[in-house]
Structures are given as C-alpha cells and as structure tokens.
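Please look through the structure below with its second ligand in mind, and then step back to the protein as a whole.

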Amino acid sequence: MGSLRTQVGIIGAGPSGLALAQLLQLAGVDSVVLERRSRDYVLGRVRAGVIEQGTVEILRRAGVARRLEREGLIHHGVEIAAGERCHRIDFTAQSGSVTVYGQTELTKDLMDARDAGGAPPVFEVDGVVLEDIDRERPRLRYTRGGKANVLECDFIAGCDGFHGVSRKAIPAAVLKTHERVYPFGWLGVLAEAPPVSSELIYLSHERGFALCSMRSATRSRCYLQCELDTNIGDWSDERFWDELASRLPAELAGRVVRAPTIEKSVAPLRSFVAEPLRYGRLFLAGDAAHIVPPTGAKGLNLAIRDVDQLAAALVAHYAERRDDLLDAYSASALRRIWRAERFSAWLTSVLHRYPGRTSFDRGMQLAELDHLVSSAVARAAFVEAYTGF
Ligand code: FAD
Ligand code: DHB
C-alpha cells in the first residue's frame, strides 16, 4: 500500500480544489489534490462564463489571472429581454463589471499553475473514503491503477462537487440540507459564431427562458430552457438556432448566426445548501457545499470565494496558530452563500416558464421585469448582486 502525508488533503480538481491548492501553496501550506476523472476530462468540461471582479482579484492574488485579464471580455452591462422589449442594465454607475471568460480556460490556467508549482493533481483515483474526520489525523483512502493508497492529512477539503463523497461523510444527524429542484433544465451549446450582441442577453419568453452569452468575439455560448428529459439527439443545430431566434425580439433574431455547434449538453437546475460546512477536520467548499441555478452566474464565483476564505483560515492555523477563522468559516461562508442563493432563485423564478403557470403568474413575472428595468433602486440592487457584493 502507498502511504503519503500532507497538510491539506483536497478532494476534487474542479475550480475550487485547484484554486485552494494554489492559494495554500503560495502561503507555504502543502496539499495533495485527488481527482476521480482524467486530466483531459476535467479540462474539457464546458460550464460557467461570468466572473465577478472580486473573483478576478482573488485569482490575481493566486497568480492565475494573467491570461484572464488579457483575453477575458470586460462587460459593463447586461440586456434583459421580454417579448419584443429589450433593456440594458448598466453597471458603470456602481463601478461594476464582470469578466466573460470560460470556466474551461480558468481550469486550464489553474492546472498550468499546479503543474508549474510541481504539484499537479493525482488524477483517476477511485473509491475515495474519508476516515477519522473528527480526529486529529484524518485520512483519505483511495485506489489508483488498482493499487490501494492512503493520504494522511491534518485537514480535508471537500471540493468534489455536488455528487462527491465528502458531504456524505458528515453524519446524517449533523448535516442539514435545503433544496429546491426546478422542473426544467438548460440546453447549452457552444458555436464558432459571433455573439448575437456584444453583451449578454437574458430572455424571458412565453416559450421559455434563453440566454445569449459568448466566449469571444467569434464564439457564442447560448442556452435554452428545456424539459428535464430532453434528449440531445432530438436537437439538431438547426432546431436549436430556430428555437433561440423564436424567443428573441425580432431585431435580435435576425442576428443569430446558425453555425455548427461544437458542444451541446443539458444541465438540470437546482438550489441547494448544506450546513454546517465543517465537521471536525473536514471543510466543504464549492458545489460540494451548495448549488445555485446558473441563471445568476454565481456558482463558480461562490466556489472561488469559499476557497479564498478557507485558505486564509488554514494559513492562519499554520502561520499564526490561530483557529478562530477555521471556527468561523461555516457560519460566515453560509451567510454569503444564502445571499447568492436568494438572487439566483429570484432571477430564475422571474425568467423561466413554469409548468402550470397562470396568466396571473406571467403578469407578475413581467411586472417584476418591468420594475427591474424601470426603477433605479431595483437596477442598483440587481447590479450589486450580479457583479458581486
Ligand atoms: P466541480 O467543478 O463540480 O468540480 C468537482 C470535481 O470533483 C470534479 O472534477 C469531479 O470530477 C471531482 N470529484 C467528484 N467526486 C469525486 C470523488 N469521489 N473523488 C475525487 N474527485 C471527485 N457559475 C458561475 O459562477 N458563472 C456562470 O456563468 C455559471 N454558468 C454555469 C452554466 C452551467 C450550464 C453549469 C452546469 C454551471 C454553471 N456555473 C456557473 C456553475 C459552476 O460551473 C460550478 O459552480 C463550478 O464548477 C463549481 O466548482 P467546484 O470546483 O466546486 O465543483
Ligand atoms: C453563462 C452562464 C450562465 O449561467 C450565465 O448566467 C451567464 C453566462 C455562460 O456560460 O457564458
């Protein structure tokens, strides 16, 4: 059996696990990242695209923002469309901005930094088991290439996403979960086509929600609200672009470039919060701890803020022999998380078509959107939440 020792054992090489390892290394704290999938699989996943300014600052501190700041698209506003009406919400009055930069690219930058730091993740590990998490010396057992291994740690960070093992290691009597499952999903495509507009368009339409986003001036990332049991095989590129155009105001529909898609996938929507985020020497961060529906573009941003807070707490433990930040992690992260949950659930509820929606419900949605675009106070609250508190 292989035996290894580290200060922080990290499960998961998504953005949260990789960023945590990077922040810890810069402060002289050792970690080992265990990842179930292959490097190519992790690098190939297409997901988030909107990065808050506060997240950019953390990534800069982590030494991984150089390419993001060179190639990312800075946006100072967003479009909200309903029916034939389209309104721009401007961020500049609040000095707000977001950077449009794919999670795929960010993951690559983080992975390159781990490689350069001489501590790449351990890929393709199986059967990770957490042991003695409520004792001084927790352990991670796993197999790799058929060989059993044990990683002895001081702390374990569960950064293994919603379906990971770490949250499940917290005894059921301790763990509370709060969940809302939505009766629809998002069908997303990536295509080598110029975006419909230079800014993101969030659409509320009788036929359902749609989002026109981008990865560059020549690459579009678009989403359609879809049924949960959507079969991708039923969605030819032609059908996707026709449906998107049908939900856009006529003037914008004419700008849809029907290029072949490079990627197509369906994601279910969920709101979820676990608490506490700490049990003994185990700390949860990112999607392992919480899920937001993607509408507010908060998931990746929350994940990076979680690990920034957790890294600071772990560094205080080692460098200053202080545990107050570790003790405060769960409660203080949860406050931030619930605020993002509120915004994401609200934006989801006003933009999507719900089964059984009455004409009154639709009237309420349109009134919410009207209020949002016509009230300076409502716009300011939106900008505060969307660009990051
Ligand atoms: P993950 O990225 O899920 O990484 C977890 C890692 O752990 C994975 O690599 C997984 O393979 C590994 N793992 C799991 N189980 C185990 C195990 N047992 N052992 C070892 N490894 C394991 N967020 C935004 O902020 N802005 C957006 O615009 C946005 N858009 C989105 C659009 C879509 C369609 C989707 C699906 C998500 C979007 N998100 C967005 C959310 C964002 O992608 C996630 O919040 C983010 O990936 C969370 O990172 P993470 O590292 O916590 O988890
Ligand atoms: C993207 C995804 C989102 O969930 C969102 O709200 C905005 C943009 C994107 O993938 O570009």
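In this predicted model, ligand 2 is surrounded by 15 residues, of which Tyr202, Ser213, Arg215, Tyr223 and Pro294 come nearest. Two side chains approach oxygen atoms of the ligand through polar atoms: an N or O atom in the side chain of Tyr202 is 2.7 Å from an oxygen atom of ligand 2, and a polar side-chain atom of Ser213 lies 2.6 Å from an oxygen atom of ligand 2. Pro294 contributes through its backbone, where an N or O atom lies 2.7 Å from an oxygen atom of the ligand. Taken alone, ligand 2 exposes 300 Å², and the protein buries 97% of that area.

The elements that give two or more residues to this shell are β15 (210-216) and β16 (219-226), and the largest share, three residues, comes from β15. By character, the shell around ligand 2 divides into nine nonpolar, three polar and three charged residues.

Turning to the whole protein, there are 11 helices and 20 strands. Its radius of gyration is 21 Å, close to the 21 Å that the globule rule gives for 389 residues, so the protein is as compact as a globular protein of that length. The C-alpha trace spans about 65 × 40 × 40 Å along its principal axes.

Buried residues, those under 20% relative accessible area, make up 54% of the 389 residues. Of the contacts between residues at least 6 apart in sequence, 70% join residues at least 24 apart. The protein exposes about 16,600 Å², and carbon and sulfur atoms supply 51% of that surface.

Technical notes. Residues are numbered from 1 along each chain as its sequence is written. Chains are lettered from A and ligands numbered from 1 in the order in which they are written. This is a predicted model: local features need pLDDT of at least 70, side-chain atom pairs count only at pLDDT 80 or more; totals for chains, interfaces and linings use all residues. Side-chain values use heavy atoms; hydrogens and water are left out. A residue is near a molecule or strand if one of its heavy atoms lies within 4 Å of it. A polar contact is a pair of N or O atoms within 3.5 Å; within protein, one must be able to donate a hydrogen and the other to accept it, and residues adjacent in sequence count only if both atoms are side-chain atoms. Accessible areas come from the Shrake-Rupley method with a 1.4 Å probe; for residues, only the protein chains shown count as cover. Helices (H or I, at least four residues) and strands (E, at least two) are DSSP runs, numbered from the N terminus. Ala, Val, Leu, Ile, Met, Phe, Trp, Tyr, Cys and Pro count as nonpolar, Asp, Glu, Lys and Arg as charged, and the others, Gly among them, as polar. The radius of gyration is taken over C-alpha atoms; the globule rule is 2.2 Å times the number of residues to the power 0.38. Buried means under 20% relative accessible area, exposed over 50%, partly exposed in between (1.4 Å probe, protein chains only). Contact means heavy atoms within 4.5 Å.
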